[in-house]
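This report describes a two-chain complex, beginning with one sheet and moving outward to the chains and their interface. The sequence and structure are shown first.

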Amino acid sequence: MKLTLKIWRQKNTADKGGFVTYVADHVSKDMSFLEMLDVLNDQLTERGEDPVHFDHDCREGICGMCSLYINGKPHGPLQTTTCQLHMRSFSDGETITIEPWRAKAFPVVKDLVVNRSAFDRIIQAGGYVSVNTGGVPDANEIPIPKTIADLAMDAAQCIGCGACVAACKNASAMLFTSAKVSQLALLPQGQVERKTRAEKMVAQMDAEGFGACTNTGACEAECPKGISITNIARMNREYFSAVVSSENM
Amino acid sequence: MILDSKIPAGPLAEKWTKHKFSSKLVNPANKRKYDVIVVGTGLAGASAAASLAELGYNVKAFCFQDSPRRAHSIAAQGGINAAKNYQNDGDSIYRLFYDTIKGGDYRAREGNVYRLAEVSVKIIDQCVAQGVPFAREYGGLLANRSFGGAQVSRTFYARGQTGQQLLLGAYSALSRQVANGKVKLFPRTEMMDLVVIDGQAKGIVTRNLITGAVETHAAHAVLLCTGGYGNVFFLSTNAMGSNVTAAWRAHKRGAFFANPCFTQIHPTCIPVSGDHQSKLTLMSESLRNDGRVWVPATQQIAEKLRKGQIKANDIKEEDRDYFLERKYPSFGNLVPRDVASRNAKYVCDEGRGVNETGEAVYLDFRDAIKRDTRKIIEQKYGNLFDMYKQITGEDPYEMPMMIYPAVHYTMGGLWVDYNLMTTVPGLYALGEANFSEHGANRLGASALMQGLADGYFVIPYTVGDYLAQLAPKPVDDTHPEFARVKAEVQGRINTLLNINGTKPVDYFHKRLGKIMWNECGMARTEEGLKGAKAEIQALKKEFWSNVKVMGTNEELNQTLEKANRVADFLELGELMVDDALNRNESCGGHFREEYQTPDGEALRDDENYAYVAAWKYLGEGQEEELVKEELVFENVKLTQRSYK
């Protein structure tokens, strides 16, 4: 395959950035999208040009490090992570546009790499059960109905990649935040801190500069892990019932 | 030099309890006066950082990824072992201990392994309390499954994403301590070197991957939780960034490196498809519970398959060779990883491999789907089947999967004593970064167990014992040794940037990987290893004269990061070869063709090689010195592993 790549290049956060066009020859259909970029980068290096920087690590769809906005869609045309996208999803002669995630709360670090530490701070605001190591009850002491455990697991599968934010016209982080709020609100372990958790995580989300949710469902449609927007509904319930009887000072 | 493992005396089941009691304690009010550096935020690192911060120590946690949640523990699929015996099928701490020692082909310490089995039960309690959504039965209690090499169901799991859920649990505990101000987080920061002052680890030198700033950090103790070195093979199931640099730098500063040649080749990975390939994808071993491994009975049929003249489903039952079931009737498809991998290699070497390259065997779910219905199989393995389809473009519900072994885990690592301390006082190694619990072969679902055991339940006790012996005085990086090591790090970076050769970093990494896979992979020979050593030395020379690293230090520079790591892999590769050459026996993942039984099984030599091979770095260009730690077996009788 021969492809034309329009790639966003930006030296650093302060730089204005812009598209640069490259031609990718000898692309095989079995290559993953990131392997196609690896090959391009080796060619750029041999030509003495700076390779394209992009985030990636596990390359098996679970670490959440890879990103890329491909032809106007986060993680490209399939509902999967970019590292699991293969070139057989594209056709010979195609032009592919590759951009970083675009969101105020995810500033560009370089080229296609963005800073997603806002997500870490949302979790730090309350995405945990406050138990210390040791001194916990036996694991089978609290039975949890399988249906509830399964729902919690559905929400817990979020990989924190940020595709939901990139897909949203308001750059909202509701899907990400609600996945963690839901997981812990569903489980008995999360009950004690249920109210403060919802309030604090939502407050942090707002403080980071993520936008509001207008229920377009773009996040769910693009989420590589199929996180459902019913989690957003659950978080809204959690949040509103928390604020009317707030325990936060 | 004699290596003291510091295994406490006394009966096996009492060692850890006695040791905890005899360990010194740090006064609760003094804990805040001690600083601990934790490098790596996977299961071992995140659990250690969180637990130590909860106790009151000041923790600095470093990871090269953009968030601690990305550490490669996240990719573990199958599960975590614990001797809970919830299934009433005869499991016990002793049985888990015994299975682990035997599975490791009697090359691990009894004391360490027993402790691991002992604390395994507490790990599950801890994770459930954090809200880890393990699989459950309809009655609401936890579900278990049996897993590669075990005849009891002791594996806890969260769909096919157990590592993810356990890591997110540890990450949540870590995040809570970040919010409490007890952990300071340094993401996108890579450890470049260790600072040793008067024989004790006193800090590290790091590079900020965004700005390139080389910085120094002082502490009372340093914990390396930096994972394994499987990427020395270039192609492995490890994440792209997984590297040996932190451990290797520590090795060059005095920490012995133990059993480097013990690497695990995982039997169920998606086969290589071409030269562009950047990594290999594991298909969870749990698939072997229901999938049957086979190849065509004859070379002729295999050739037709490879030419595309027939498909797998066209092959009649009598023309299929279920080679694991045939050779190992009692364990069948569930034989340990090393045995399953080696046998896949044998049948492919015989010309019976099934894909275009001839390096693949089938893993077939036809019979399981017939027996249990497709719906049940979907529930158990849905995400794995989807992943397979995504990567290969084939539907495993219709056609058997194709699999081939790939490098997955490294049992070797920094030598540690019972306290997880390396040969450098104050420097600890946890999780895959150390060598300690898995001997020559790791059992499935035991890596997660070890990472969390070390971080949650071992290090909080043992690091306290060390810190209690140091004065609770503030530390800083004003000692000239910090400046000296920092200058060395900067010098190395400048050298790499100024070589300005003609070949990209991956060119060297791929070549190293090929040498390692061919000569120090699934089967090794004296001749092959000797050749590999010479090749690696030549490659190393070429690297330092012809590598091309673009850009500068003062920016995000992924090529420079890679170059730094590959430089260390080149040195480690040579040590792995030395270790494999030294070990004139076959055990676990280390198979020397010269040492096998008449029917092709690994032939151990307990008389001469029942020891840990710890290597001491002596200086640039010098052969490393071998220091032996004899293994003492007081409870387990050494037998030939038999899975027939």
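How many bridges join strand 6 of chain B to strand 7 of chain B? The two strands are joined by 8 bridges and run antiparallel. Strands (E, at least two residues) and helices (H or I, at least four residues) are DSSP runs numbered from the N terminus, and two strands pair if DSSP finds at least two bridges between them.

The model is predicted: local features need pLDDT of at least 70, side-chain atom pairs count only at pLDDT 80 or more, and totals for chains, interfaces and linings use all residues. Residues are numbered from 1 along each chain as its sequence is written, while chains are lettered from A and ligands numbered from 1 in the order in which they are written. The pLDDT, the predictor's confidence in each residue from 0 to 100, averages 96 in chain B, where 100% of the residues score at least 70. For the complex the predictor gives an ipTM of 0.98 and a pTM of 0.96.

**The sheet of strands 6, 7 and 8**

In chain B, 3 strands make an open antiparallel sheet in the order 6-7-8. Strand 6 (189-197) and strand 8 (214-218) of chain B are at the edges with a single partner strand each, so one side of each has no neighbour in the sheet. From one strand to the next the twist averages 30°; axes are lines fitted to C-alpha atoms, for helices over the stretch in contact, and angles run from 0 to 180 degrees between N-to-C directions.

Val195(B) stands opposite Gly203(B) in strand 7 of chain B. The hairpin of strand 6 and strand 7 of chain B has 2 residues between the strands, and Asp198(B) takes a positive phi near 50° there. Strand 7 (residues 200-208) of chain B also pairs with strand 8 of chain B, in the antiparallel sense over 5 bridges. Arg207(B) has Val214(B) in strand 8 of chain B as its bridge partner. This second hairpin, of strand 7 and strand 8 of chain B, has 5 residues between the strands, with Gly212(B) at a positive phi near 80°.

Strand 7 of chain B has 7 of its 9 residues buried, so it is largely enclosed by the rest of the structure. A residue is buried if 20 or more other C-beta atoms lie within 10 Å of its own, exposed if 12 or fewer, and partly exposed in between, with C-beta atoms placed from the backbone. Helix 13 (residues 480-499) of chain B lies across strand 6, strand 7 and strand 8 of chain B, at about 140° to strand 6 of chain B.

**The sheet of strands 16, 10, 18 and 19**

Another open sheet in chain B has 4 strands in the order 16-10-18-19, with antiparallel pairing. Its edge strands, strand 16 (413-414) and strand 19 (625-630) of chain B, each pair on one side only. Strand 10 (residues 257-258) and strand 18 (residues 611-616) of chain B pair over 2 bridges in the antiparallel sense, and Phe257(B) stands opposite Trp615(B) in strand 18 of chain B. Helix 16 of chain B packs on this sheet and touches strand 10, strand 18 and strand 19 of chain B, its direction making about 145° with that of strand 18 of chain B.

**The two chains**

Chain B has 644 residues and a radius of gyration (taken over C-alpha atoms) of 24 Å, which agrees with the value near 26 Å for a compact globule; the globule rule is 2.2 Å times the number of residues to the power 0.38. Two residues are in contact if their C-beta atoms, placed from the backbone, lie within 7 Å. Among contacts between residues at least 6 apart in sequence, those joining residues at least 24 apart make up 70% in chain A and 75% in chain B.

| Chain | Helices and strands | C-alpha box along principal axes | Buried residues |
|---|---|---|---|
| Chain A | 8 helices, 7 strands | roughly 60 × 40 × 35 Å | 55% of 249 residues |
| Chain B | 17 helices, 19 strands | roughly 75 × 60 × 50 Å | 60% of 644 residues |

**The interface**

In the complex, 64 residues of chain B are in contact with 65 residues of chain A. Helices of chain B that each supply at least two residues to the side touching chain A include helix 2 (43-55), helix 4 (110-130), helix 11 (374-392) and helix 16 (558-582). Helix 5 of chain B gives the most, with 9 residues. This side of chain B divides into 25 nonpolar, 26 polar and 13 charged residues. Here Ala, Val, Leu, Ile, Met, Phe, Trp, Tyr, Cys and Pro count as nonpolar, Asp, Glu, Lys and Arg as charged, and the others, Gly among them, as polar.
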